[in-house]
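The following report describes a single protein chain, beginning with a particular contact between charged side chains and widening from there to the overall form.

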Amino acid sequence: MLSSVDLVSLILFCVQQVGVVLAVGAQTVMLGSLLTSARELRIDEKKERFGRIVTRILAVGLFLMIVSGVAA
């Protein structure tokens, strides 16, 4: 059986991994979008809205990483 300390540690580890996945995925998508916009030499309104959403996802990922790191 898992003790309560092990369970909390496992949950914090999982939260940290979800944060890393969100942050890395969001940054990868943002880079791809930036490169396609640079090739087209313009950023339209749709890509700007998409960039704001991806930035929020990146912020959530970073928040999860920081909270799980501080709590550990």
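## A salt bridge between the two helices' ends

The side chains of glutamate 40 and lysine 47 meet in a salt bridge, with 2.9 Å between N and O. The model in which this pair is seen is a predicted one. Glutamate 40 is partly exposed, its relative accessible area being 36%, and lysine 47 is likewise classed as partly exposed, at 22%. Glutamate 40 falls within helix α1, which covers residues 4-40, while lysine 47 falls within α2, which covers residues 45-71.

Lysine 47 also appears in the surroundings of serine 37: leaving aside neighbours within four places in sequence, serine 37 is in contact with Arg42, Ile43 and Lys47. Serine 37 itself lies in helix α1 and has a relative accessibility of 5%, so it counts as buried, the cut-off for that class being under 20%.

## Salt bridges within helix α2

The count of salt bridges in the model comes to 3. One of them joins arginine 49 to glutamate 45, whose closest N and O atoms are 3.8 Å apart. These two residues are 4 residues apart in helix α2, and are therefore separated by about one helical turn. Arginine 49 is partly exposed at 46% relative accessibility, whereas glutamate 45, with a relative accessible area of 59%, is exposed.

Another salt bridge links glutamate 48 with arginine 52, and here the closest N and O atoms are 2.7 Å apart. Glutamate 48 and arginine 52 are also 4 residues apart in helix α2, which means a separation of about one helical turn. Both partners fall into the partly exposed class, glutamate 48 at 41% relative accessibility and arginine 52 at 45%.

## Helix α1 and its packing

Helix α1 has 37 residues and reaches 54 Å from its first C-alpha to its last, close to the 54 Å expected at 1.5 Å a residue. The buried residues of this helix are Gly19, Ala23, Ala26, Ser33 and Ser37, and they pack against α2.

A pairing of distant sequence positions is provided by glycine 69 and leucine 12, which are 57 residues apart in sequence and yet 7.9 Å apart in space, taken from C-alpha to C-alpha. Glycine 69 has its place in helix α2 and is partly exposed, with a relative accessible area of 42%.

## The loop and leucine 41

Leucine 41, found in the loop between α1 and α2, comes just after α1 and takes a positive phi of about 65°. This positive phi occurs although leucine 41 is not a glycine. With a relative accessibility of 77%, leucine 41 counts as exposed, because the cut-off for that class is over 50%.

## The nonpolar surface

A nonpolar surface patch of about 480 Å² is made by Leu2, Leu7, Leu10, Ile11 and Phe13. Of these residues, leucine 7 is found in helix α1 and counts as partly exposed, at 41% relative accessibility.

For the protein as a whole, the exposed area is about 5600 Å², of which carbon and sulfur atoms supply 72%. Of the 72 residues, 12% count as buried.

## Overall form

The secondary structure of the protein comes to 2 helices and 0 strands. The radius of gyration is 17 Å, well over the 11 Å that the globule rule gives for 72 residues, so the protein is more spread out than a compact globule. Taken along the principal axes, the box filled by the C-alpha atoms is roughly 55 × 15 × 15 Å.

Among contacts between residues at least 6 apart in sequence, 77% join residues at least 24 apart. The contact pattern can be read alongside the packing already described, in which the buried residues of α1 pack against α2.

Methods. Residues numbered from 1 in each chain as written. Predicted model: local features only at pLDDT ≥ 70, side-chain atom pairs only at ≥ 80, totals over all residues. Heavy atoms only, no water. Expected span 1.5 Å × (residues − 1). Buried < 20%, exposed > 50% of the residue type's maximum accessible area, 1.4 Å probe, protein only. Contact = heavy atoms within 4.5 Å. Patch = residues over 30% accessible without salt bridge, like charges linked within 9 Å, V, L, I, M, F, W, Y side chains within 5 Å. Areas by Shrake-Rupley, 256 points an atom, 1.4 Å probe, with all protein chains shown as cover. Salt bridge = Lys/Arg side-chain N within 4 Å of Asp/Glu carboxyl O. Rg over C-alpha atoms; globule rule 2.2 N^0.38 Å.
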